[in-house]
Amino acid sequence: MSHRFIEAQQRERIVTEVFPRADDACLQVANEIAALIRNRSAEGKMAVLGLATGSTPVRLYRQLIRMHREEGLSFRNVITFNLDEYYGLPRTHPESYWQFMHKQLFDHIDIPAENVNIPDGMVPRAEVFAWCKGYEDRIRAVGGLDFQILGIGRTGHIGFNEPGSTRESRTRLVTLDSLTRRDAARDFLGDANVPRFAITMGVGTILDARSIVLLAWGEGKASVIAQAVEMPPSDSLPASFLQGHAKVRFMIDQAAASALTRMRHPWLVGAVEWTPFRTRQAVVWLSQKLQKPVLKLLDEDYSEHGMSDLLVEQGPAYGLNIRIFNELQHTISGWPGGKPNADDAQRPERANPFPKRVVIFSPEPSHDVLGMGGTIRRLVEQGHDVTVVYQTSGNLAVPDDEAEMAADLISELSGVFERQEGATGRFARDVRTQLESKTAFEGDSPQIRRLKGLLRRGEARASLQTCGVGKERIRFMDLAFYERGRYRQFNPDDADLASVTGILKDLAPHQIFATGDRDDPSSVTAVCFDLVRRACAALRGEPWFRDCRVWLYRGVETPWGAAEIDMAVPISPRELAQKTQAIFYHKSQRSQTPVDTGLRESWQQAEQHNRGLAAAYDGLGLANYEAIEAFQRWSV
Ligand code: GLP
């Protein structure tokens, strides 16, 4: 370990390993688990694993299953204890952790059923205390946990130890935090259905494990990870109690690491290699911290904020300020497809060829307009040949009552126009019957999913029409991984990749827009982006591809900071209103939650991000626009 490496991590109170991708971390953890199992087996002993649920460990479990199938890894000498279970859910419930663990792992390996321990969500209330004590006794009886896997919730919970849980807490019944319940709402098809209680191992139970690894992916976890790693331990963030453990590691991806000091402002914790990006990041940070435009930063501002070495290398402040100011200024362009017949030396996008063939990948209908509705309109108005490609149908996100209304409408229409019930009428009637007989939490039939997908198509067409994109310019891919999958459990295959590659070959674009890779890898956006990434890698050799630029946009997730942007497209007040209109057409996606919960609708979030970025550019002393949509250049 180099000196610089340690210095950069001096604020970190937990060993934190950052991996380029979640799969890299999972492979390493799976190897460690396999080694433990094999060593124990060679000694004729059992290996005792503590396991977690949620999206996070799914890729680890896939690795373990692969090792079982391909490398002969046997789980016959393994005993497992799961962290938690919703209280009140029977094992048979599709959202129970019992189901989850069996589907994601146990059904695919040779672990003896009697070695699997998962808290029982159906223990009568009066017996819960004794049951929990029994769970602890069972862990102790087998010699304690050798290796505990953890995820982390956005409240900082481990297991279901919500804020307020003490370091000494043991297995018990707990009340779920409202943020945790909101995060689970999509799985349970609505807030109201999410259980209020759970049985969880305590923080103390977890800390008794001999070795602990916490996994986290995606920028949604960045803030809570930074707090757990860098702040003093406190019961307001239970994961911070892991700091006291002798053998704990956080193994996280780049996006989940992005709020650590060593990533956000490394100059505060040690020597920094002043790459162009780091320099820009530091100047923007300083300007924002001091609330001073870039051009007004002084030498002493730099040296008082840990950046005197930057001044030595690239100072004085006057010249450095001007250079970064110009760099930032050059990201601004009202010509996202390039300005024809103009000098493009300082513009983010090249002037030629003109017009450009542009492909916009949208993981689900609405991501496109949320992230770049204003820019889509500009591209069309400026004469480019824009095609929007919806990678998935988005049918999982349509509430049942929308489908009911549509089925009724079709039924009635077919009654008006057909003397005898035809295929359309029958379809609508079938859908209606299926919706009525659907039990709570049951997945949708293929027919219901089809109708829901069609609804989203209609919304997407109407929405894009307001941006000037006609329906002949829209492709609906309905990728199969989505149609056969459910949230957290998507598993794309070669056919999905071939479809994305095929569409790119077919359209041979000069510009591609896609969402980035900072999301949780199990999310629809991340799966879809990964397919684009792999398709681009496969097409790198094609002549047209060498003349193609890929731009990344953000939906309503955390927006990029001003220093991370390569192209900033100004949006006028009128264009912002038109963008909001385009988002409104995605009617089925409006929040189902009553307004008084304070949850913001996605159009409000998009607007806030776009206005916020404009304000940030203004604060840096650039220009004062109403709103800005941002893009990052991506090198394949
Ligand atoms: C649930 C589980 C936790 C898990 C957390 C994060 O609350 N009880 O054990 O760590 O969710 O979930 P995800 O991995 O889906 O982000």
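Around the ligand in this predicted model stand 13 residues, and the closest are Ser55, Thr56, Asp84, Lys221 and Arg488. By character, this shell divides into three nonpolar, seven polar and three charged residues. Here are some of the polar contacts that reach oxygen atoms of the ligand.

| Residue | Part of the residue with the N or O atom | Distance to an oxygen atom of the ligand |
|---|---|---|
| Threonine 56 | side chain | 2.5 Å |
| Histidine 157 | side chain | 2.8 Å |
| Isoleucine 152 | backbone | 3.3 Å |

On its own the ligand has 390 Å² of accessible area, and the protein covers 89% of that.

Let's turn to the aromatic rings. The structure holds 17 aromatic pairs. One of them joins tyrosine 86 and tyrosine 97, with 4.9 Å from centre to centre and 45 degrees between the planes, which makes the pair tilted. Tyrosine 86 belongs to strand β4 (residues 84-86) while tyrosine 97 belongs to helix α4 (residues 97-104), so this pair ties together parts that are 11 residues apart in sequence. And are these two tyrosines buried or exposed? Both tyrosine 86 and tyrosine 97 are buried. They also belong to a wider group: ring pairs link Tyr86, Tyr97, Phe160 and Phe188 into a cluster.

Rings meet charges here too. Arginine 125 lies over the face of phenylalanine 197, 5.1 Å from the ring centre. For tryptophan 560, the partner is arginine 554, whose charged end sits over the ring at 5.6 Å from its centre.

Methods: Residues are numbered from 1 along each chain as its sequence is written. This is a predicted model: local features need pLDDT of at least 70, side-chain atom pairs count only at pLDDT 80 or more; totals for chains, interfaces and linings use all residues. Side-chain values use heavy atoms; hydrogens and water are left out. A residue is near a molecule or strand if one of its heavy atoms lies within 4 Å of it. A polar contact is a pair of N or O atoms within 3.5 Å; within protein, one must be able to donate a hydrogen and the other to accept it, and residues adjacent in sequence count only if both atoms are side-chain atoms. Accessible areas come from the Shrake-Rupley method with a 1.4 Å probe; for residues, only the protein chains shown count as cover. Ala, Val, Leu, Ile, Met, Phe, Trp, Tyr, Cys and Pro count as nonpolar, Asp, Glu, Lys and Arg as charged, and the others, Gly among them, as polar. Rings of Phe, Tyr and Trp (its six-membered ring) pair if their centres lie within 6.5 Å; planes under 30 degrees apart count as stacked, over 60 as edge-to-face and the rest as tilted. Helices (H or I, at least four residues) and strands (E, at least two) are DSSP runs, numbered from the N terminus. Buried means under 20% relative accessible area, exposed over 50%, partly exposed in between (1.4 Å probe, protein chains only). A charge sits over a ring if NZ of Lys or CZ of Arg is within 6 Å of the ring centre and within 35 degrees of the ring normal.
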